[in-house]
Amino acid sequence: MKIDALIVAAGRGTRLGSETPKQFLMLNGKMLLTRTVEALLASDAISMVRCVISPEARALYDAAIAPIRDPRLGPPVDGGADRAASVRRGLEAMVGDAPDRVLIHDAARPFVTPTALEALCRAKTAAILAEPVVDALWRDADGHADAPVPRAGLWRAQTPQAFPFEGILAAHRAPIDPDKPALDDAETYRRAGGEVALVTGEPDNFKITTSADFERARRMAAVETHREAGDDQMETRIGHGYDTHRFVDGDAVWLCGVRIAHDKALSGHSDADVGLHALADALYGALAEGDIGRHFPPSDPQWKGAESHIFLSHAAGRVSARRGRVINVDLTLLCEAPKIAPHSAAMQAQLAELLGVGIDRVSVKATTMERMGFIGRDEGMACIATAAVALPVSG
């Protein structure tokens with residue numbers, strides 16, 4: 001039986017306080033999507049994996065899959081306006097591969113195991129991973145517990161969800177009532193007349209949605225990374241980055257992924273975030289892989305006005321592709337204004353999130369130039385960044 005898998009990674013937003021979609025955030029040296037793809041490919045039951053992504057996230061996607069060499073990973077599919085539209089586009093792209101069954105999985109569930117996948121694949125009908133509800137349930141009323149809800153027979157749905165390919169494709173092709181959108185693909189399939197079995201899932205197959213979820217995932221990934229890396233076979237590499245941009249008329253600057261109100265803006269081909277640019281170059285330098293201009297040429301119009309988190313995520317993805325991890329980073333912003341200290345904690349948090357490391361591994365500080373030079377004259381600002389990464393010893 002041919003079983004393909006579709007990963008829905010087309011979400012544009014995040015509840016984690018980052019501009020980067022959560023599926024492309026770093027989780028202890030690997031992007032979340034990288035871990036999710038690897039989790040599915042760890043099962044021999046899967047014939048092919050394809051990801052549905054937002055078209056504007058192609059550079060991030062390329063960084064995410066850079067460490068993966070499995071030929072079962074097919075080309076990505078551009079997503080639609082919402083999840084249902086994205087799933088349909090993914091299914092339509094699979095028609096030529098003609099699978100018997102398809103698994104549909106959320107990119108934000110990176111800890112699904114081969115055991116759970118294979119149990120799902122053995123199901124005779126459409127089936128979903130799910131866990132029985134064991135906690136007491138209460139209905140809310142203005143922030144107060146109003147009435148208990150019986151939990152007998154209730155299950156908490158997970159993904160992947162498995163379906164006969166032709167059946168779920170037909171279900172997604174059917175007209176959709178915009179006033180009653182389906183909660184998930186299982187509901188879409190049932191509305192078309194299908195039956196869905198429940199297969200007991202695993203507690204660690206949770207969906208990363210909140211900051212607390214991300215911290216739980218980070219702890220789990222740290223254990224896995226330590227086990228896989230073999231620290232005695234790693235070497236430390238140091239990279240240095242420097243970037244500068246001139247001030248122009250404006251009302252805000254972007255620094256280390258944080259927007260700061262100011263009476264000027266920074267001029268650049270992208271969003272001119274000197275912090276993210278310098279740090280990306282530091283990571284590329286530690287890898288001896290050039291600088292931002294090599295990977296994202298300013299002559300290429302697609303990067304005009306780009307958000308600089310794309311560059312840093314790509315650089316961090318290159319570390320992951322080399323089976324390495326970020327140890328720590330240190331940035332010094334050089335400017336007379338704006339004041340950096342009130343925003344340094346937010347910058348630390350943003351960088352930690354983008355790199356997938358603890359906030360105690362990120363340093364952001366600032367200094368003036370005592371009114372000397374172009375920075376002292378308030379004509380522009382600069383950033384010096386240093387990054388330490390651990391890489392496998394190449395011999």
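How are α10 and α11 oriented to each other?

## Helices α10 and α11

In this predicted model, the axes of helix α10, which spans residues 309–321, and helix α11, which spans residues 344–355, come within 9 Å and cross at roughly 45°. The two helices, α10 and α11, are therefore oblique to each other, given that angles from 35 to 65 degrees fall in neither the roughly parallel nor the roughly perpendicular class.

On the α10 side the contact is made by His-309, Leu-312, Ser-313 and Ala-316, while α11 contributes Leu-351, Leu-354 and Leu-355. Sorted by class, this contact of α10 with α11 has 5 nonpolar residues and 2 polar ones, with no charged residues.

## Helices α3 and α5

Another pair of helices is formed by α3 (residues 83–93) and α5 (residues 165–173), whose axes come within 10 Å and cross at roughly 135°. That angle makes α3 oblique to α5, and the crossing of the two is left-handed.

Where these helices meet, Ala-84, Val-87, Arg-88, Leu-91 and Glu-92 in α3 face Phe-165, Ile-168, Leu-169, His-172 and Arg-173 in α5 as contact partners. By class, the contact of α3 with α5 has 6 nonpolar residues, 1 polar residue and 3 charged residues.

## A salt bridge from α3

Side chains of opposite charge can pair when their charged atoms come close. The structure holds 23 salt bridges, and in one of them the side chains of Arg-83 and Asp-106 meet at 3.0 Å, taken from N to O. Because Arg-83 lies in helix α3 and Asp-106 in strand β6 (residues 101–106), this pair ties together parts that are 23 residues apart in sequence.

## The five-stranded sheet and helix α8

An open sheet is formed by 5 strands in the order β15-β12-β18-β16-β17, and its pairing is mixed. The edge strands are β15 (264–266) and β17 (362–367), each of which pairs on one side only. On average, and with direction ignored, neighbouring strands of this sheet are turned by 20° against each other. At the β17 edge, strand β16 (residues 325–334) and β17 pair in the parallel sense over 6 bridges, and Leu-334 has Thr-367 in β17 as its bridge partner.

Helix α8, made up of residues 274–287, lies across four strands of this sheet, namely β12 (234–249), β15, β16 and β18 (380–392), and runs at about 150° to β12.

Notes. Residues are numbered from 1 along each chain as its sequence is written. This is a predicted model: local features need pLDDT of at least 70, side-chain atom pairs count only at pLDDT 80 or more; totals for chains, interfaces and linings use all residues. Side-chain values use heavy atoms; hydrogens and water are left out. Axes are lines fitted to C-alpha atoms, for helices over the stretch in contact, and angles run from 0 to 180 degrees between N-to-C directions. Angles under 35 degrees count as roughly parallel, over 145 as roughly antiparallel, 65 to 115 as roughly perpendicular and the rest as oblique. A crossing is left-handed if the near helix is turned anticlockwise from the far one by less than a right angle, and right-handed if clockwise. Contact means heavy atoms within 4.5 Å. Ala, Val, Leu, Ile, Met, Phe, Trp, Tyr, Cys and Pro count as nonpolar, Asp, Glu, Lys and Arg as charged, and the others, Gly among them, as polar. Two strands pair if DSSP finds at least two bridges between them. A salt bridge is a side-chain nitrogen of Lys or Arg within 4 Å of a carboxyl oxygen of Asp or Glu.
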